[in-house]
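Let's walk through this protein together, one question at a time. Have the sequence and the 3D view at hand as you read.

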Amino acid sequence: MRLSDYPVVFTSDSNYFFSCNAKSIRILSVETGQVVRVLSTSVEEGGHSDTVTSVMLNPKNSLQLYSASLDGTIKLWDFNDAILLKTYEVGVPITHMVMHESIPNDIYLTTTKKSTKRFHQYQARKSGGLRAKENSVLLRYSLKSSRKRMVRLLKTRACGGLAISSDGEYLVMAGRYKLHVIHIAAGNGIEEGGVTENDESRFRCYITPERITCLAFHPTEGCIATGDERGRITLWYCFGKNVDRPVTTTLHWHAHKVSALAFTSDGTYLLSGGEESVLVIWQLQTGFKQFLPRLGSEIKHITVSPDQALYAIGHQDNSVNVIRSVDLKIKTVIQGLKFSHVHHMSNPLSTGLVIEPRNGNVVLNGMPGTLQFYDPIKEQHIMELEVTPRNKVSRTDEKEIIPPRVMHCAFSSDKAARWMVTVDGRDDRETTSELYLKFWQYDDDAHTYILNTRVDAPHSKEITSCIFNPREGNQVPMVVTTSLDGTFKVWELTLQGETRRGVEAELAWNCRSTGFYRDMVPHCAGFSSDGSLLAVAYGQIITIWNPYLNTLQGVLTQPPENRPIRHLTFLKNSPFLIAATKDHLYSWNLLTCSVWWSYQIKIEILKASQTNANFMVTCPDPAPGMGSLHRIIVFKPTSPKPVHIETISKKVRAVTFMPDPAVQAKSGVSDAVEPILIMNHGFDLEVLGGRSVEDLKAEAEEAAEKARALALEAQKQKSLVTDIFGTSSMAEATAAAAQKTKEKKERNESASRGLVSKKNMVRNPLFDAPSHVMAPVSSLFDAFMGQLLTQNKAAKEEAKAKRKQQQQIEQQEQESQSQVNGESGSAVNDVDMDGEDTGKDHSEEDQDLAVETELPSSLANFFSSRLTI
């Protein structure tokens, strides 16, 4: 979910706001931060086919919304019912859009156009399109059908902002070092298309010494505020016709460029923000400044609500903070996927997509030095973990500060995911490089991971892989790291010191052993599903180790020397080991220590499932002429024939299997393919295969509703006394007895439902044949009666066993209840020590046996008559 790419727009009642999210428009609640409605969901239903760049309310009707997109269309929506009302085909990509209530039929917009100058075209060809020069063109588009619907007004370089005055008289546009002011009042000739940018009476251009980065129009006065790259804010007064140089006033606090400006609706205050992550509120009459610091990330956009009660701040980390204007307290925080808005060259996705076993959330790199826990189904931010805590410090000069980055992340295989290991470091090529191995323990009270052990410089060079031993039970957790220094290390959890005076010894992680193979460098490693084998890849050689005894068990060699193994993984509950080089895929059978099959394919990513023996690879489409198409192929270890193939338009950044309880519950779980979670080329998360996203969302909402109901029930049972002193033992025993009663009732209901269904399903196949091919009745009589009596006897025995189980449960409940009430009594006499029924039950058993051996008179008469015939 992309939230802060473009400024948000409030509804007229300030209860909701609109956010451009790629090709769609999301309506979010100010109170809860939840998405209440989505516009432009698909192209088939009339949505945009490219990125939405601008939204604004219809000046004629505040319940309608205009949206502009790079697909060259403007659409009018009824956002209450999510209905598309009309589409206007502009024909050019739209980057900015403004309109005014005094001229509701005209829309002023900007589009981009590549430069036609030969020098610029030469630069574009030489750089492969990276240095292509683009110009911004200002257009007026008429919503009414006319002979000249679109009029070109002017052309400039790189539009930095577009705004219209509150009275609709002036239009201002920023283009690098130029500020264009256009007089668009009625009767100025623009409607006929006769005015050009050379008409100085209507078009004024002012040159600035610094590049303009943003602008805003004063709501009540003739004043324009512009921000530049030097951090200065310039207020322009007395501009317009016959004015060569307007009167200007400069405000300066920001150390770096000003990224956002906004006036309050009464014009008293000016809000500004930039790289310092500080919201500055300027009182224009007095020059007094008020600050809201430490907002966490660079400010990109500022929007003031119509009632001036709220400020919506869009940040560089893909978040929107809704702030109350009265006390400057944060009211709501809406957080999207952070990695989609970082600098990807200096902060690559080195952790990949890691699934947290506890809740099934995806864990990946966030802002530099952090990990983000994200729910891809609900598209909701769960938690951010600062692996490297640091203050947001603004740089003192133009040189960028090299931030630390997280390189590896792994979780223990238990469902509670009690332990997590991370590798982070920092290297600015000037000072000593930093490398840390950190072990984290989950805190149930704080609902986050707490640092347990930090190891400085665990290896002398960069760590290439970090994995947990997947063994289960009460075994000591184990972690293995491999490094470019030619060694791999085994880390285990140990007790530090001894237990004294009831104080338990602290847990910490230590290096137990170090391993190496010749003078080669390990690049990847993997544990078998039971944790008994460790595979470490040295170039084209796979070494098999016993991780407990530190002994080399075997060596596997197959690829040529110039094809080192890049990916290595064991499969769940399988003797197969999957290895991949740059252009080959190998499936090793460790029972025979031979290659079971191989496949020539260019592999980019290899990922194994955590629930079955499937694995998948990503590769470019081998078909000629397919361009940038890529494939995701799912294999079984026993066959080179793919079991599932997904084709996508561009290269994926990361991929993993996403756990799905519905798939795991299937009987043929080995044949089932889990949903595939990918990060696409645009750094957005998508779910491919498996069940639809709507089904997964519905299931997640149902589970969340049950959790809320349980939490509410637990909250109702609390009181002031229990909050202070805790619950008493009697209350706990009573609650336990009530829970047992509830479980017993559910078991009885399920058993009765199962019994009824079994009875209804009972069929006698003896007579399932046409009458002319059946044997005589005399020969079928004995078989039929034997089958009938057997079914009756089985039903009676099942009922008797059920009664015994019921009596035992009741006896246990009575004993527990007597202990709770402090009563001493003996056990009930209904069941003896051997579990056999007494007295009445024996008589009932005899009666049952009598009934089983006695033939009903009606049935005896029927068969007697048939035999007589």
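Q: Which residue of β42 stands opposite Ala525?
A: This is a predicted model, and Ala525 is a good place to start in it. Strand β41 covers residues 522-527, and 5 bridges join β41 to β42, residues 534-538, with the two running antiparallel. Across from Ala525, in β42, stands Val536.

Q: What are the edge strands of the sheet that holds β41 and β42?
A: The sheet is open and has 4 strands, with antiparallel pairing, in the order β41-β42-β43-β44. An edge strand here pairs on one side only. The two that do so are β41 (522-527) and β44 (551-557).

Q: By how many degrees are neighbouring strands of this sheet turned against each other on average?
A: Take the strands in their order, β41-β42-β43-β44. With direction ignored, the average turn between neighbours is 20°.

Q: How many strands does the whole protein chain have?
A: Stepping back, the chain has 869 residues, and 44% of them count as buried. It exposes about 45800 Å², with carbon and sulfur atoms supplying 50% of that area. Alongside 8 helices, the number of strands is 55.

Q: Which residue forms a salt bridge with Lys438, and is that partner buried or exposed?
A: The closest N and O atoms of the Lys438 pair are 3.7 Å apart, and the partner is Asp424. Lys438 lies in strand β35 (residues 434-443) and Asp424 in strand β34 (residues 419-426), so the pair ties together parts 14 residues apart in sequence. Lys438 is buried, at a relative accessible area of 6%. Buried means under 20%, and at 2% Asp424 is therefore buried.

Q: How many residues apart are Arg563 and Asp583, which form a salt bridge?
A: Their closest N and O atoms are 3.1 Å apart. Arg563 counts as partly exposed at 29% relative accessibility, while Asp583 is buried at 18%. Arg563 sits in the loop between β44 and β45 (567-570), and Asp583 in the loop between β46 (576-580) and β47 (584-589). The pair thus links distant parts of the chain, with a separation of 20 residues.

Q: Which residues are joined into one network with Asp228 and Arg232?
A: Arg232 forms a salt bridge with Asp228, the closest N and O atoms being 3.8 Å apart. Arg232 is partly exposed at 29% relative accessibility, whereas Asp228 is buried at 7%. Salt bridges that share partners extend this pair into a network. The other members are Glu210 and Arg230.

Q: Which residues have the most contacts inside the largest nonpolar core?
A: This core has 30 residues. The elements giving two or more residues to it are β26 (310-315), β27 (319-324), β30 (362-365), β54 (676-679) and β55 (685-688). The residues with the most contacts inside the core are Phe17, Met679 and Leu685.

Q: With which residues is Leu685 in contact, leaving aside its neighbours within four places in sequence?
A: Leu685 is one of the residues with the most contacts inside the largest nonpolar core. Contact here means heavy atoms within 4.5 Å. Its partners are Leu337, Leu353, Val362, Tyr374, Pro376, Leu677, Ile678 and Met679.

Technical notes. Residues numbered from 1 in each chain as written. Predicted model: local features only at pLDDT ≥ 70, side-chain atom pairs only at ≥ 80, totals over all residues. Heavy atoms only, no water. Pairing = 2+ DSSP bridges. Axes fitted to C-alpha atoms, helices over the stretch in contact; angles between N-to-C directions. Buried < 20%, exposed > 50% of the residue type's maximum accessible area, 1.4 Å probe, protein only. Areas by Shrake-Rupley, 256 points an atom, 1.4 Å probe, with all protein chains shown as cover. Salt bridge = Lys/Arg side-chain N within 4 Å of Asp/Glu carboxyl O. Core = buried A, V, L, I, M, F, W, Y, C linked by side-chain atoms within 4.5 Å.
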